[in-house]
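Below is a short report for a reader who has not met this structure before. The sequence and model come first.

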Number of protein chains: 2
Amino acid sequence: MPALITYKTAILADWVDYNGHLRDAFYLLIFSYATDAFMDRIGLSGDNRDASGHSLFTLEAHINYLHEVKLGQEVEVRTQIVAHDRKRVQLYHSLYKASGDEEVAASDQMLLHVDLAAGPKSAPFSEQSLQALHRLTEAQHDQPPPAYTGRTIGLPPSR
Amino acid sequence: MPALITYKTAILADWVDYNGHLRDAFYLLIFSYATDAFMDRIGLSGDNRDASGHSLFTLEAHINYLHEVKLGQEVEVRTQIVAHDRKRVQLYHSLYKASGDEEVAASDQMLLHVDLAAGPKSAPFSEQSLQALHRLTEAQHDQPPPAYTGRTIGLPPSR
């Protein structure tokens, strides 16, 4: 199976610094839009007007910046499911230049399934969402394993 | 010493979802502006027209979302230096509601000092920047230790 492409965009003028490079926070905005698109694939929606009344909230995210990206560059997000349980899903979003082979940024994210009407409050995935998670996980079996998952920030010991 | 407040803002309309809550990526944008302000304090600038010709690039960031923040809320970023070496500095940015005592988000970040004219290429901090890092580190000795530093994303083992 090809990689699951969840989002495509060009780098917009609002997202770059004076030098035409994508600012760190806007890499995460692109990944945020990718999560919205992923939600659609498992029967949820980023919009609580959606009939499901459920959504995913980001609990925690880690991001690695690998290469600069410039204004106007076409990029795409490829998404893998690292793991999930009854209420949570860990996603790995990778940013690539469109049709390119080089990862320019990566984000490991833990997302919580919530019932919007009840709080919002954490809630088990529906049977439909669980089936979609299983199906998407199966479909990515031949993808290369995520390179930047489970990382910890820290300086190496002093020399 | 009081905490080092690097950035203050109200939550802007461009940063919230249909429900008036700050979107995940825009927490990181607020922290990105805090890093810009931190650079000014160590004799750098986010703007390479700055005389120093040096800047900080984000290598890696981790963010924990602790509470929702709504449109119009006044917030502030409190920043601590976790560690640094000759070329890198690890910052811990915390987001608080203005004058509040509750951390609403936290970000651990590894930043690299770069010479913009040379590439950009990694470069040792100037003596002036090192002195500023030492001074700021000393000044935060009585601050509570960061609660969300050195974290790893992952699901707990299945029960």
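The report goes from the single chain to the pair of chains.

This is a predicted model, in which local features need pLDDT of at least 70, side-chain atom pairs count only at pLDDT 80 or more, and totals for chains, interfaces and linings use all residues. Residues are numbered from 1 along each chain as its sequence is written, while chains are lettered from A and ligands numbered from 1 in the order in which they are written.

**The single chain**

Chain A holds two helices and six strands, where helices (H or I, at least four residues) and strands (E, at least two) are DSSP runs numbered from the N terminus. Their order along the sequence is β-α-β-β-β-β-β-α. The radius of gyration of chain A, taken over C-alpha atoms, is 16 Å, close to the 15 Å of the globule rule (2.2 Å times the number of residues to the power 0.38) for 159 residues, so chain A is as compact as a globular protein of that length. Its C-alpha atoms fill a box of roughly 45 × 40 × 35 Å along the principal axes. Of the 159 residues of chain A, 35% are buried, meaning that 20 or more other C-beta atoms, placed from the backbone, lie within 10 Å of the residue's own.

In chain B, helix α1 (residues 24–41) has 13 of its 18 residues buried. B:Gly43, with a positive phi near 80°, follows α1(B).

**The two copies**

A turn of 180° with a shift of 0.0 Å along the axis lays chain A on chain B with an RMSD of 0.0 Å; this is the relation of a two-fold axis. The superposition is by least squares on the C-alpha atoms of residues with pLDDT of at least 70 in both copies. A:His62 comes closest to the axis among the residues of chain A, at 2.1 Å (C-alpha).

Chain A and chain B each give 30 residues to the contact, with two residues in contact if their C-beta atoms, placed from the backbone, lie within 7 Å. The elements of chain A that give two or more residues to this side are listed here.

| Element of chain A | Residues |
|---|---|
| α1 | 24–41 |
| β2 | 54–65 |
| β4 | 88–97 |
| β5 | 103–115 |

β2(A) supplies the largest share, eight residues. Because 100% of the interface residues of chain A are also interface residues in chain B, the copies meet through the same surface.

β2(A) also pairs with β2(B) (residues 54–65) in the antiparallel sense over five bridges; pairing requires at least two DSSP bridges. A:Ile63 stands opposite B:Ala61 in β2(B).

Note on methods: Buried ≥ 20, exposed ≤ 12 C-beta atoms within 10 Å, placed from the backbone.
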